[in-house]
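Please work through the exercises below with the sequence and the coordinates open beside you. Each task is followed by a solution that proceeds step by step.

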Amino acid sequence: MRIKNKLTLGICILFAMILMLGTLAISSVYELDRNSRNIYDANNNSLNYARSMLVALEKIDSDPAALDVFIENFRLQEKNITETDELQATRILKEHLEEYQKNLDRKSIGKMRADLYRIMELNMISISHKNQMAEAAAENSLLWISVLFVFCILVSIGLLAYFPKYIVKPIKELIKGIQEVADQNYKKRLPTGLGVEFGGVAASFNKMAERLEEFHDSSISDILSGKKYIEAIVNSITEPIIGLNEEMQIVFVNEEALNLLHLKKGDLLYRSATEVALKNDLLRRLVKELVSPNEKQEPLKIYADNKESYFQAKYIPIRIVEAGENEQKNIGNIILLNNITEFKERDSAKTTLISTISHELKTPISAILMSLKLLEDNRVGELNDEQKQLSESIKENSNRLLSITGELLNMTQVETGRLQLMPKITKPIELIEYAIKANKVQADKFGCQIEVEYPEKISKLFVDSEKIAWVITNLLSNAIRYTPQNGRIIIGAKQEGDIVEIYVQDFGKGIDPRYHQSIFDRYFRVPGTKVQGSGLGLSISKDFVEAHNGTLTVDSELGKGSRFTLRFKV
Ligand code: ADP
């Protein structure tokens, strides 16, 4: 049966019982009321008439009006005969009344009194009898009302106990089922025999759970095939690749990476990279670089494939936008190792070639400069103006060639790691003066005005003076070359705490902020630079300064000039 019908039936039963109880109570009260009225009308009135006739009888001899009162009450009594024997008694009273009217004797009065007592007795008996009947009827009604009341209470308790349970039970089952499906138990089914309405709900629920189960199974197989597909892609990458999740667990790794790390897949997959790194030197370096990235990413030298190989690590963050979110979220990192051994080998061949050529060029250039010096000597012979100009040009170009070969040799020293520092205690002013002297001819030629700012008290430095003097010379040379004619240049030093700064400031064309980093790269020249140069000076300078644990930085604004600063710890 439907819940709706059951509820209606329950309410109808309750309603019928209340109706029955009410009807019974009302009819009983009505019956009692009717009986008591009956007694009053039928018997009590007769008693009153009889009583009035008795009173009148007492005065009938002395009071002529008493007979009228008597007769009036007698007439009323005649109309109010209710008992079987009352009619007979009233008739006898009538006879005796007529007798009295005829004889006016005391004997008749006595007879009438006896008649009146008889009528009163009959009514009294009737009242008592009717009273007993009314009591019995009241008791009977009370019994029926009580029985019906107890029955109503029992039925109500029954309904109260049964209905909530009947309605709540399937709801509870449904909630439990939904909870289990939410916990991914897609095998959960509900019993269908839970009534018409809940049977339908249960059937729909079971259908949904079935579909979810199918979807779950199919999505798992899709995920598995997708995973295999991604694994195949990862394995087909010829470069070593390692994938880490947010918790730094290794989630994928290809064969190349395993060979490089000398580990098996089982040793790595789903294990914490930091934990494995404790026992693996290469992984430790990679994780360290990932956790605290170094600006200058040095290539990794690894012994692989029976030879020394070089790898450049690339750290690629894995970012996704989760469903319902707007912003990207980092869910891990990919470490990709680029095998740069071939480039490294070619680079080192190039460095060796540059080094050899530069070295070999130095001797003939020096010989040219020496020959020029002899040529300029008047003892060899006077040169005419044209020859003088030519020899000046040869000298200038030879000097430039010498400076370039010098720069190239310095660069090869840095690149091959053969840079050897010979530090000694040096006053910063010595370095500044050396640079000014070295640039004097050029400064005069450009009409540059060099100002020196130097404090009275400044700490000495412990540096390879030759290398640092070369750096400052190079910075001053740049300042002269990249400043318009007759420009102003400030070179100086200052100390702040235990840091000594040496700076070269010009008021020339300045450098676009976009190139502030790149100007320290090998062979980089700001696009559009017309002044001749190799693009090596600043990069070698930076290497030299950093080899002393110092820094070389630039502050520059287009059109306002540049300030290059070297900083050393005292
Ligand atoms: P080079 O001067 O031989 O080209 P550098 O490494 O010394 O090489 O300088 C790299 C580039 O930086 C230069 O080509 C030039 O464009 C820019 N540069 C360096 N110093 C200055 C300066 N003082 N003012 C403007 N630009 C400069």
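The exercises that follow concern a predicted model, and they treat the ligand site, aromatic pairs, backbone angles and annotated spans in turn.

**Exercise 1. The ligand and its surroundings**

Task: Establish which residues come nearest to the ligand, which polar atoms face its oxygen and nitrogen atoms, and which elements give two or more residues to the shell.

Solution. Step 1: the ligand has 18 residues around it, and those that come nearest are N478, R481, Y482, R525 and L538. Sorted by class, this shell consists of eight nonpolar, seven polar and three charged residues.

Step 2: turning to individual atoms, one finds a polar side-chain atom of N478 at 2.8 Å from an oxygen atom of the ligand, and a polar side-chain atom of D506 at 2.9 Å from a nitrogen atom of the ligand. From G535, a backbone N or O atom lies 3.1 Å from a ligand oxygen atom.

Step 3: on its own the ligand has 530 Å² of accessible area, of which the protein covers 98%. Two or more residues of the shell are given by each of the elements α14 (465-481), α15 (537-547) and β12 (561-569).

**Exercise 2. Aromatic pairs**

Task: Search the whole structure for aromatic pairs, and decide for each how the ring planes are arranged and whether its members are buried or partly exposed.

Solution. Step 1: the search yields two aromatic pairs. In one of them, the ring centres of W470 and F544 are 5.6 Å apart and the planes meet at 65°, so this pair is classed as edge-to-face, given that the class applies to angles over 60 degrees.

Step 2: helix α14 holds W470 and helix α15 holds F544, so the pair ties together parts that are 74 residues apart in sequence. W470 has a relative accessible area of 22% and is partly exposed, whereas F544, at 0%, is buried.

Step 3: the pair formed by Y515 and F524 is tilted, with 5.8 Å from centre to centre and 40° between the planes. At a relative accessible area of 18%, Y515 is buried, while F524, at 23%, counts as partly exposed; the cut-off that matters here is that buried means under 20%.

**Exercise 3. Positive phi angles and the loops that carry them**

Task: For Y270 and N549, find the value of phi, the loop in which each residue lies, and the class of accessibility.

Solution. Step 1: Y270 is not a glycine, and yet its phi is positive, at about 60°. The residue sits in the loop between α7 (265-268) and α8 (273-277), where Y270 counts as partly exposed, with 46% relative accessibility.

Step 2: N549, likewise a residue other than glycine, has a positive phi near 65°. The loop in which N549 lies runs between α15 and β11 (551-557), and its relative accessible area of 72% makes N549 exposed.

**Exercise 4. Annotated spans and a separation in space**

Task: Relate the UniProt annotations to the geometry of the model, and then compare sequence separation with spatial separation for S518 and I71.

Solution. Step 1: an unreviewed UniProt entry places the feature "transmembrane region" at residues 7-30 and 142-163. In the model, residues 7-30 are 100% helix and 0% strand, with end C-alpha atoms 34 Å apart; residues 142-163 are likewise 100% helix and 0% strand, with end C-alpha atoms 31 Å apart.

Step 2: for "domain: Histidine kinase", the unreviewed UniProt entry lists residues 356-570. This span is 46% helix and 20% strand, and its end C-alpha atoms lie 37 Å apart.

Step 3: S518 belongs to the loop between β10 (499-506) and α15, and is buried, with a relative accessible area of 16%. From S518 to I71 the separation is 447 residues in sequence and 148 Å in space, taken between C-alpha atoms.

**Exercise 5. A buried threonine**

Task: Locate T341 and find which backbone atom its side chain approaches.

Solution. Step 1: T341 is part of helix α10 (residues 341-376), and at 4% relative accessibility T341 is buried.

Step 2: a polar atom of the T341 side chain lies 2.9 Å from the backbone nitrogen of Y310.

How values were computed
Residues numbered from 1 in each chain as written. Predicted model: local features only at pLDDT ≥ 70, side-chain atom pairs only at ≥ 80, totals over all residues. Heavy atoms only, no water. UniProt positions renumbered as here; feature names shortened; annotations may be inferred. Helix = DSSP H or I, 4+ residues; strand = E, 2+ residues; numbered from the N terminus. Near = heavy atom within 4 Å. Polar contact = N/O pair within 3.5 Å; in protein donor to acceptor, adjacent residues only side chain to side chain. Areas by Shrake-Rupley, 256 points an atom, 1.4 Å probe, with all protein chains shown as cover. Nonpolar A, V, L, I, M, F, W, Y, C, P; charged D, E, K, R; others polar. Phe/Tyr/Trp six-rings, centres within 6.5 Å; stacked < 30°, edge-to-face > 60°. Buried < 20%, exposed > 50% of the residue type's maximum accessible area, 1.4 Å probe, protein only.
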